[in-house]
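Colleague: I would like to understand how the words used for this model are earned. Could you take me through the reasoning behind them?

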Amino acid sequence: MKFFIVDDDNDMIQLIESLIEAPGHEVSSALAGHQAISGITAMRPNCIITDLMMATMDGLELCDEIRANKAISDTTIIMVSARDAEHWKEQAADRGADGYITKPIDPETFVDDLLAIMEAAG
């Protein structure tokens, strides 16, 4: 499987990368939504993992961009955020996110959670 991580926190990117790479998945990443679009288009990942709150383009705007781009519009998008209010989860779903995982992530279950969301998204 191929994953693309978008987060403005490099430590979070490194943590998620190490968890996903451990079982043998391929991972790329970007520190900002605008940088991510070209990388995502080039990689064609199975899943995009994005933070909700980022500086220049937040995760909701990134969802909009991905869903509007025919080349990558069917890619699974999973939002990972410290915001745990139902309001944010609903907004993410309304904007095209297939799943939502609340930070802090659980290293023991994170990859299984990702795969379960991807399977459910079809």
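Colleague: What makes the link at the start of α3 between aspartate 58 and leucine 60 a polar contact?

Modeller: A side-chain oxygen of aspartate 58 reaches to within 3.0 Å of the backbone nitrogen of leucine 60, and a polar contact is a pair of N or O atoms within 3.5 Å, where within protein one must be able to donate a hydrogen and the other to accept it, and residues adjacent in sequence count only if both atoms are side-chain atoms. The model is predicted, so local features need pLDDT of at least 70 and side-chain atom pairs count only at pLDDT 80 or more, while totals for chains, interfaces and linings use all residues. Residues are numbered from 1 along each chain as its sequence is written, and side-chain values use heavy atoms, with hydrogens and water left out.

Colleague: Which residues of α3 are buried, and what covers them?

Modeller: Gly59, Leu60, Leu62, Cys63 and Ile66 are buried in α3, where buried means under 20% relative accessible area, exposed over 50% and partly exposed in between (1.4 Å probe, protein chains only). Seen down the axis of α3, these residues fall within an arc of 155°, so they line one face of the helix; the arc is that of the directions from the helix axis to the C-beta atoms. Their cover includes β1, α2, β3, β4 and α4, with contact meaning heavy atoms within 4.5 Å.

Colleague: Why does threonine 75 count as buried?

Modeller: Threonine 75 has 7% relative accessibility, and therefore counts as buried. Threonine 75 lies in the loop between α3 and β4, and a polar atom of its side chain lies 2.8 Å from the backbone oxygen of isoleucine 72. Leaving aside residues up to four places away in sequence, threonine 75 touches Pro45, Asn46, Cys47, Ile48, Arg67 and Asp98.

Colleague: How do you know that the span of helix α1 agrees with what it should be?

Modeller: Helices (H or I, at least four residues) and strands (E, at least two) are DSSP runs, numbered from the N terminus, and the expected span of a helix is 1.5 Å times one less than its number of residues. The 12 residues of α1 should therefore span 16 Å, and its end C-alpha atoms are 16 Å apart, which agrees.

Colleague: What makes β3 and β4 a pair?

Modeller: Two strands pair if DSSP finds at least two bridges between them, and β3 and β4 pair in the parallel sense over 5 bridges. The open sheet has 5 strands in the order β2-β1-β3-β4-β5, and β2 and β5 stand at the edges, each with a single partner strand, so one side of each is left without a neighbour in the sheet.
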